[in-house]
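The following exercises are to be worked with the sequence and the model side by side. Each task is followed by a solution in steps.

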Amino acid sequence: MEFRTLQPEEKEQAIQLGEFAFQHRFTDEDRDYLRENTQPENVWGAFDGERLASKVSLLPLNVWLHGVSVKGCGVTGVSTWPEERRGGLVRQLLQRGLKDMKDRGASSPCSIHFLLVIIASLAGSSIAMRRLPNSKKTSSQPQ
């Protein structure tokens, strides 16, 4: 098994694996968006030959805590084909991916879902989340 980040031409495999894992069929518009906006350097994959067996997306972001920006990364899109489960692939992907993010300056990994729950529960406080540069979607920063 080879562990590495995706190549641009492997985005379609990542989309298909995500659709299966989360039992959600993307619309053509969603697929086009993912093809255009997925940053392969932020998606770690376990490859059996040319076949993507498992993946983890690690998105660089800033978390603002009471006016202080902390570099972190969001963990999302964790997916593995059923026949590849229980083999430690996700653990190995997370170890490699989180080390890569740490090398790129991120200090705090957490799930995107967890961040959204925290942000929603603290609405009105000075906490916001913003994707780092190279991201087309951003939310407003605290003033």
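Contact means heavy atoms within 4.5 Å. Helices (H or I, at least four residues) and strands (E, at least two) are DSSP runs, numbered from the N terminus. The model is predicted: local features need pLDDT of at least 70, side-chain atom pairs count only at pLDDT 80 or more, and totals for chains, interfaces and linings use all residues. Residues are numbered from 1 along each chain as its sequence is written, and side-chain values use heavy atoms, with hydrogens and water left out.

**Exercise 1. Overall architecture**

Determine how many helices and strands the protein has, and in which pattern they follow the sequence.

Step 1. The protein contains four helices and six strands.

Step 2. Along the sequence these elements are arranged as β-α-α-β-β-β-α-β-α-β.

Step 3. Burial is judged by relative accessible area: buried is under 20%, exposed over 50% and partly exposed in between (1.4 Å probe, protein chains only). By this criterion, 39% of the 143 residues count as buried.

Step 4. Of the contacts between residues at least 6 apart in sequence, 65% join residues at least 24 apart.

**Exercise 2. Helix α1 and its packing**

Establish which residues of α1 are buried and which elements they pack against.

Step 1. Begin with the span of α1. Its twelve residues reach 16 Å from the first C-alpha to the last, close to the expected 16 Å, where the expected span is 1.5 Å times one less than the number of residues.

Step 2. The buried residues of α1 are Lys11, Ala14, Ile15, Leu17, Gly18 and Glu19.

Step 3. These buried residues pack against α2 (28–37), β3 (51–65) and β4.

Step 4. Just beyond the helix, Gln23 adopts a positive phi of about 50°, although Gln23 is a residue other than glycine. Gln23 belongs to the loop between α1 and α2 and is exposed, at a relative accessible area of 63%.

Step 5. A further positive phi, of about 70°, is found at Arg86, which is not a glycine either. Arg86 is placed in the loop between β4 and α3 and is exposed, with a relative accessible area of 87%.

**Exercise 3. Salt bridges around α1**

Identify which residues are joined into one network by salt bridges that share partners.

Step 1. A salt bridge is a side-chain nitrogen of Lys or Arg within 4 Å of a carboxyl oxygen of Asp or Glu. The structure holds eleven of them.

Step 2. Arg35 is bridged to Glu12, with 2.9 Å between the closest N and O atoms. Because Arg35 lies in helix α2 and Glu12 in helix α1, this pair ties together parts that are 23 residues apart in sequence. Both partners are partly exposed: Arg35 at 34% relative accessibility and Glu12 at 24%.

Step 3. Arg25 and Glu19 meet in another salt bridge, at 3.1 Å from N to O. Here Arg25 is exposed, at 61% relative accessibility, whereas Glu19 is buried, at 9%.

Step 4. Shared partners join Glu12, Glu19, Arg25, Arg31, Asp32 and Arg35 into one network.

**Exercise 4. Aromatic residues**

Describe the geometry of the aromatic pair and state which parts of the chain it ties together.

Step 1. Rings of Phe, Tyr and Trp (its six-membered ring) pair if their centres lie within 6.5 Å; planes under 30 degrees apart count as stacked, over 60 as edge-to-face and the rest as tilted.

Step 2. There is one aromatic pair in the structure. It is formed by Phe20 and Trp81, which are tilted, with 5.1 Å between centres and 40° between planes.

Step 3. Phe20 lies in helix α1 (residues 11–22) and Trp81 in the loop between β4 (68–80) and α3 (89–103), so the pair ties together parts that are 61 residues apart in sequence. Phe20 is partly exposed, with a relative accessible area of 35%.

Step 4. Consider next Trp44, in strand β2 (residues 43–48). Trp44 is buried, at 12% relative accessibility. Beyond neighbours within four places in sequence, its contacts include Phe3, Arg4, Val56, Leu93 and Asp100.
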